[in-house]
Amino acid sequence: MAQMDLKKYQPYIIIGVIVLFALLTLWTRGIPAADMVTAEGVNLLGNDPWYSLRQVEQTVANFPGYAWFDTMTLYPNGDVIYWGPLFIQIISALCVLVGATTRPEIMVVASWVPPLMAAAMVPVTYLLAKKIADWKTGLIAAGLIMVVSGNYAYRSLFGFVDHHIAETLFGTIFVLAYIAALLVVRDRPLSLRSRDTLNIETLKAPVLASALAGIAYLLGFFNMPTMILFALIVAGFTLVQFLLDFFQDRTSDYLVLVNVVTFGVVIVGMAAFGFPHAGLGLSLYTVGHVIAYAGLIAGTLALYGLSVYLKGRPKYYFPAALAGLAAVAVAVLFVALPDVYNLLISSLFAFFGEQAVTTTVQEARAWSFDAAWQTFHWGLPLMAGGIGTLLWWNRERVNPAHVFVLIWTAVILASTMAHVRYEYYLAANIALLSAVFAGAVLDAGYKDVTRLFRSGSDRTSSDPGPVEEPPRKGKKGGKAPDSHKSKVSSRNQPDYLKVGAFAAVIIVTLLFAGASLQANLAMAASAKYNGIDSQWMEALEWMGENTPDPGVDYYAIYDRNTFTYPEESYGVMSWWDYGHWITFVAKRIPNNNPFQHGVAGPNGSATYFVSTSEEAANQILDNIGTRYVVTDIQLDTGKFHAPATWADPDVGVERFQPYFLLPASAGSTNYQSMPFNSQQYYLTMISRLHNFDGSMTDPTSQVIYAEYREESAANTSLPVITRTEQMNATEGAAAVEAYNKNAPAGSGATLLNMYYQYRGDSILQPIERVPALQHYRLVHETPQNVYGSTGGSGPDLKAVKVFEYVPGARISGEGIIEVPVTTNTGRTFTYRQESVNGTFVVPYATSGWSGGVKATGEYRIAGTGQTFGVTEEDIQQGRIIN
């Protein structure tokens with residue numbers, strides 16, 4: 001009776017558990033809200049969420065309009081928006097629905113959407129696992145997706161307002177819908193003709209299910225064009241399933257129906273949606289997607305035709321014919337249709353490939369085993385067990401739904417290995433396959449576990465023990481052997497191997513869930529530290545209030561084909577990490593952004609910041625209309641390798657911070673590699689601006705004189721330092737010149753300085769004189785000294801600085817000109833410049849300037865007594881001062 005009642009209420013119990021899991025997901029993702037919500041809004045996480053909020057503000061102001069072109073980034077061209085409107089319009093609709101109109105209100109509403117989408121993943125994952133296995137597996141999967149950590153958890157936290165969690169959600173919904181369509185067709189075998197007439201009734205359910213799969217795909221596609229990855233998964237699955245069906249003498253007409261209807265709906269939906277981007281690229285919303293999906297349909301039909309044609313022939317004919325046709329098709333595309341070849345083939349290799357510059361983008365780096373274990377740990381062996389379980393289940397006759405899950409997992413795993421950010425896709429596979437394995441083992445061992453406990457319980461209660469049989473006489477009247485005294489049915493004995501597996505899986509699954517939950521709670525508790533740094537916030541708020549308006553309406557939607565920037569507009573140069581902050585907080589227009597647009601190339605920010613020529617750097621700013629340059633200590637030190645790599649991927653940071661091999665200890669034959677700063681580092685624009693305020697700077701401390709053997713001479717991977725000595729700069733330069741005149745073959749000498757990690761103030765100590773910058777003046781710096789309190793005798797270097805690029809006034813003279821400067825924080829320094837061809841070009845005004853950074857005296861040519869006053873108008877007009 002109790003079992004009947006439990007069966008009756010089972011659906012309600014399942015729904016209750018799923019709701020509980022969803023609420024727990026919402027709670028863990030919402031923990032950061034307690035620390036991140038203020039009267040000013042939410043200090044969003046990372047970089048990209050700030051741009052999503054910019055889009056939400058723009059969409060709310062023009063609801064339901066969506067801008068495919070943005071004038072508030074990538075000056076002077078503006079930037080094309082390459083992702084879809086769905087995520088932004090979901091947030092915007094919620095803002096309109098609840099009446100959120102101010103920036104703080106919009107930020108709070110938007111910040112809750114990723115946690116809500118993570119909560120929605122719970123029932124979706126349950127349904128998917130139930131389709132693959134059963135309801136018990138579904139509940140395990142729902143519980144695991146609640147706790148899976150890593151990129152998936154981080155990108156669904158309160159405050160991470162970006163479309164990544166929407167990608168995972170809508171991608172998983174498509175997988176659920178596609179598998180459901182496959183199972184509908186499997187459970188309702190097609191009867192295309194009955195008595196030579198088309199049987200419509202057998203097609204209704206399969207067509208409807210396939211159409212729903214197409215709609216699910218469109219939802220993901222309207223969120224991000226990278227949904228094409230799931231079309232690739234379908235293509236791979238279709239090929240593998242056709243081969244399996246052919247070898248098992250099974251018709252594949254169900255694949256034709258599902259693919260034709262699904263992607264037919266997708267093509268129709270895309271045509272109705274329109275193509276906001278030109279060309280054929282699959283990373284944008286172009287007609288190239290129609291070509292790709294039409295190719296998938298055509299490929300499905302071709303496979304079906306080939307399988308029908310080769311039916312009854314030797315099995316190897318089909319794969320051999322496929323290999324031959326594939327080779328011919330690729331060759332024809334390469335020769336006759338190179339655009340389509342690049343679209344379908346080259347794009348595939350580009351997606352799974354890696355370039356040197358991608359190592360500077362954390363989320364685009366390749367996935368290492370250590371990173372994989374740190375994120376998923378015990379989920380990895382559980383996933384492997386799930387893969388093995390599906391393969392075991394399909395050893396005799398394959399289930400297309402299981403094959404699809406395996407292909408889906410293989411493609412997502414390969415994507416994650418190429419680019420670590422796809423961990424947030426892989427989370428669904430980890431949860432699903434771990435649940436499949438755990439559910440299968442628990443199901444197989446459940447009866448044996450119950451036998452184990454039942455047998456122990458029976459022996460201590462009503463079970464009288466072994467039953468003794470009456471003694472039997474032997475052949476000569478003796479007793480029967482003792483072995484016949486008792487018998488115990490083997491059916492009541494538990495299989496201890498299954499019991500052990502049962503216990504092991506429970507332990508490993510709980511370890512996975514527990515460790516993941518603990519990581520998520522720690523991540524949520526520390527999320528408040530991942531927003532905009534207070535120094536950057538201070539600098540950008542200053543910029544928004546104290547720099548000229550660029551003349552572009554922040555909220556307006558502009559047409560790319562007709563828009564032109566007004567004459568008063570200008571760009572802000574900084575590293576790409578900070579582009580969205582500049583757009584959102586300061587409402588100014590960055591020259592580059594975190595989409596890595598405006599970074600590479602002759603006019604890119606990378607080339608600018610590592611340029612050692614002011615003339616070349618100035619030409620870049622002139623070409624892209626820059627008026628302000630923002631620097632920070634991170635770009636100056638820890639991130640310096642990034643612009644160096646983007647500017648020259650083949651050489652990278654080696655020119656500025658070369659590595660040498662040094663003995664691990666005195667007399668040791670073991671070597672360790674160590675980076676140093678060369679003079680080239682101190683000559684870069686980032687160093688001259690941030691470290692020296694654009695002023696001429698001479699060496700003030702000792703430098704490292706180093707003798708070394710080149711790699712080829714030492715037979716090592718790096719040059720080997722054979723001797724070092726501390727010298728002053730003048731002595732060191734003379735020693736280098738003397739040694740190199742008569743240096744042995746394969747040897748040399750150079751001057752170096754310590755890498756900042758080993759001596760922090762080394763970035764302020766050039767090896768040789770660093771010339772002044774003539775066209776840059778500091779206009780603002782943040783309060784924080786990166787070396788600590790300014791009360792001591794140590795250096796005072798601020799975290800973030802803003803410079804204005806100006807024409808500069810011209811003063812005739814020889815020697816060195818100086819002017820005292822006091823910054824907005826009260827720091828003082830002397831701007832010094834050496835004349836070039838009898839002329840000084842000076843950037844600071846001594847009168848007519850009301851900014852926070854001021855010259856506190858007149859220009860004076862050292863040693864002459866000559867002084868000059870320069871007005872702000874002189875600086876801006878580039879006048880000659882007599």
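How many aromatic pairs does a search of the whole structure find? The search finds 52 of them, where rings of Phe, Tyr and Trp (its six-membered ring) pair if their centres lie within 6.5 Å, and planes under 30 degrees apart count as stacked, over 60 as edge-to-face and the rest as tilted.

Before I go on, please keep in mind that this is a predicted model, in which local features need pLDDT of at least 70 and side-chain atom pairs count only at pLDDT 80 or more, while totals for chains, interfaces and linings use all residues. Residues are numbered from 1 along each chain as its sequence is written, and side-chain values use heavy atoms, with hydrogens and water left out.

Let me take one pair, Phe221 and Tyr285, whose ring centres are 4.9 Å apart with the planes at 75°, so the pair is edge-to-face. Phe221 lies in helix α9 (residues 201-223) and Tyr285 in the loop between α11 (253-273) and α12 (288-309), so this pair ties together parts that are 64 residues apart in sequence; helices here are DSSP runs of H or I, at least four residues, and strands are runs of E, at least two, numbered from the N terminus. Phe221 is buried, at a relative accessible area of 1%, and Tyr285 also counts as buried, at 1%, where buried means under 20%, exposed over 50%, and partly exposed in between (1.4 Å probe, protein chains only).

Turning to another pair, the rings of Phe660 and Phe676 have centres 6.0 Å apart and planes at 70°, so they too are edge-to-face. Phe660 belongs to strand β11 (residues 659-663) and Phe676 to strand β12 (residues 671-677).
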